[in-house]
Amino acid sequence: MMGDQPAMARIGLPTIFLAFLRLGCISFGGGTGAWVYREMVQRRGWVDERGFLADMALGQSLPGSNGIKMAILVGRRLRGGAGAFIAGFGLLAAPFAIILAVGAVYGRIAHHHSVHAVLEGVAAAVVGLSLSSGIDAIARGTPEVSSIAIAAVTVLGVGVIGWPILPVVLTLAPVSIGIAWARSRP
Amino acid sequence: MRDSFADTLFALFAVFAPLSLLSFGGGNATIADIAHQSVAVRHWTSEREFADLFALSRAAPGPGSMLAALIGWNVAGVAGALVATIAFYLPSALLLFAAAKIWGHWRGSRWHQAVERGIAPIAAGLFLSGGLAVLRASPVGAAMWLAAAGATAVLLWRPKLHPVPLLLLSGAVFGLIDLFGGTL
């Protein structure tokens with residue numbers, strides 16, 4: 001087993017499967033990574049925010065859909081390989097079934113302008129989910145001036161200017177890790 | 001007939017598996033490639049069909065990349081949807097799992113902790129950037145920013161609140177404004 005679970009009762013595979021199955025059913029509007037954060041860190045407390053953020057940075061540096069990557073990494077933290085598989089499968093199962101079902105009716109409702117307005121409204125609230133996750137993550141980690149500055153530069157580069165994620169992460173990571181290393185000097 | 005069906009499934013796999021390993025920054029990074037492959041190269045969908053499938057993939061819950069499932073479904077039914085989905089998710093999932101396993105080896109060492117600590121604010125910044133990117137891409141202007149700011153405040157104020165009622169409320173308000181002739 002991984003030595004990285006928090007000191008709490010082992011969470012069963014069926015529980016993990018159901019939690020991610022549920023997330024798959026409700027995570028409308030994209031931003032699935034933020035959904036996973038809200039559910040696993042803020043609501044259930046299955047993983048702590050530092051572990052989640054470290055996983056997120058690892059995931060962001062590799063290809064793949066962000067929500068699935070976070071499901072796999074959280075599942076792995078909880079129950080190793082089996083947990084990773086069950087979490088990823090759980091997150092995909094419902095959307096896969098739903099998308100095929102919705103495909104059958106969408107053609108008939110797509111021409112209603114209000115349908116698009118509703119989707120925009122949902123997307124706006126999901127933006128709130130992403131923003132609140134980011135702010136919560138900064139507030140939970142010991143908010144030092146240097147880490148707030150690093151977060152601000154990331155937002156400026158990726159969110160405001162629109163640079164691609166990978167080069168920004170690869171440039172900022174050595175700086176930020178260097179600062180953390182210097183701070184941890186015994 | 002049997003052979004051509006198998007060929008189609010193989011073609012779906014051959015298109016989506018490499019894209020899985022190229023989708024840096026999330027599934028959205030590959031949409032342009034998926035469009036090119038399915039419209040111009042393979043003729044799986046017309047341009048209009050592709051636009052419809054794309055809109056549909058955003059209307060459903062879950063990771064946005066259900067686009068692969070829809071194209072597979074369009075071409076070869078449920079088998080096509082399954083093959084395209086597995087091809088689009090499995091390679092990157094295996095790569096990620098291997099990377100996490102190697103990384104986990106050094107857990108507990110001082111530099112491992114420094115890396116995790118140093119990476120955290122960048123990841124937090126990426127969360128914020130993801131939200132901003134959606135806002136900037138939206139055709140709806142001020143109303144979107146207002147709703148997003150309101151949702152952010154509520155979610156921070158009540159950390160245990162389930163987000164779904166908030167989503168439904170926001171969607172309903174936008175829909176009603178539109179229905180009664182308001183402009184968003």
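Hi everyone. Let's start with a helix in the middle of things: the buried residues of helix 7 of chain B are covered by, among others, helix 2 (32-43) and helix 5 (113-140) of chain A, together with helix 6 of chain B. Keep in mind that what you see on screen is a predicted model.

Which residues of helix 7 of chain B are the buried ones? They are Pro163(B), Leu166(B), Leu167(B), Ser170(B), Gly171(B), Phe174(B), Gly175(B) and Asp178(B). Those residues span an arc of only 160° around the axis, so they sit on the same side of helix 7 of chain B. If the spacing of those numbers looks curious, here is a handy rule: an α-helix has 3.6 residues a turn, so residues three or four places apart point the same way.

The helix itself has 17 residues, and helix 7 of chain B reaches 24 Å from its first C-alpha to its last, close to the 24 Å expected at 1.5 Å a residue. Just after helix 7 of chain B comes Gly181(B), with a positive phi near 85°.

Now let's step back to the two chains. How many residues of chain B are in contact with chain A? There are 85 of them, and they meet 94 residues of chain A. On the chain B side, helix 1 (2-22), helix 3 (47-59), helix 4 (67-104), helix 5 (110-137), helix 6 (142-157) and helix 7 (163-179) each supply at least two residues. Helix 5 of chain B gives the largest share of that side, with 25 residues. Sorted by class, the side of chain B that touches chain A holds 55 nonpolar, 23 polar and seven charged residues.

Next, chain B by itself. Its secondary structure comes to seven helices and zero strands, and reading from the N terminus the elements of chain B go α-α-α-α-α-α-α. The C-alpha atoms of chain B fill a box of roughly 60 × 60 × 25 Å along the principal axes. What is the radius of gyration of chain B? Chain B has 21 Å, whereas a compact globule of 184 residues would be near 16 Å. Buried residues account for 47% of the 184 residues in chain B. If we take the contacts in chain B between residues at least 6 apart in sequence, 46% of them join residues at least 24 apart.

There is one residue in chain B I'd like you to look at. Most residues other than glycine have a negative phi. His43(B), however, has a positive phi, near 55°. Where is His43(B)? Look in the loop between helix 2 (31-41) and helix 3 of chain B. And is His43(B) buried or exposed? With 9 other C-beta atoms within 10 Å, His43(B) is exposed.

Over to chain A. Chain A also has its helices to show: seven of them, and zero strands. Of its 186 residues, 53% count as buried. For contacts in chain A between residues at least 6 apart in sequence, 64% join residues at least 24 apart.

Two residues of chain A make a nice pair of examples. Ala104(A) lies in helix 4 (residues 66-109) of chain A, and Ala104(A) is exposed, because it has 8 other C-beta atoms within 10 Å. Between the C-alpha atoms of Ala104(A) and Pro14(A), 90 residues apart along the chain, the separation is 31 Å. Arg10(A) belongs to the segment before helix 1 of chain A, and with 11 C-beta neighbours inside 10 Å, Arg10(A) counts as exposed. Arg10(A) and Trp46(A) are 36 residues apart along the chain, and their C-alpha atoms are separated by 9.7 Å.

Last topic: confidence. Chain A has a mean pLDDT of 84, with 90% of its residues reaching 70 or more. Among the elements of chain A, helix 5 has the lowest mean pLDDT (83) and helix 1 (residues 13-26) the highest (94). Over residues 1-7 of chain A, pLDDT stays under 50. Where pLDDT is low, the predicted coordinates should not be read in detail. Chain B averages 84, and 92% of its residues score at least 70. In chain B, the lowest mean pLDDT among the elements goes to helix 3 (74) and the highest to helix 6 (92). For the complex, the predictor gives an ipTM of 0.78 and a pTM of 0.78.

Thanks for listening!

Conventions: Residues numbered from 1 in each chain as written. Chains lettered and ligands numbered in written order. Predicted model: local features only at pLDDT ≥ 70, side-chain atom pairs only at ≥ 80, totals over all residues. Contact = placed C-beta atoms within 7 Å. Helix = DSSP H or I, 4+ residues; strand = E, 2+ residues; numbered from the N terminus. Nonpolar A, V, L, I, M, F, W, Y, C, P; charged D, E, K, R; others polar. Expected span 1.5 Å × (residues − 1). Buried ≥ 20, exposed ≤ 12 C-beta atoms within 10 Å, placed from the backbone. Arc of directions from axis to C-beta. pLDDT = per-residue confidence, 0-100. Rg over C-alpha atoms; globule rule 2.2 N^0.38 Å.
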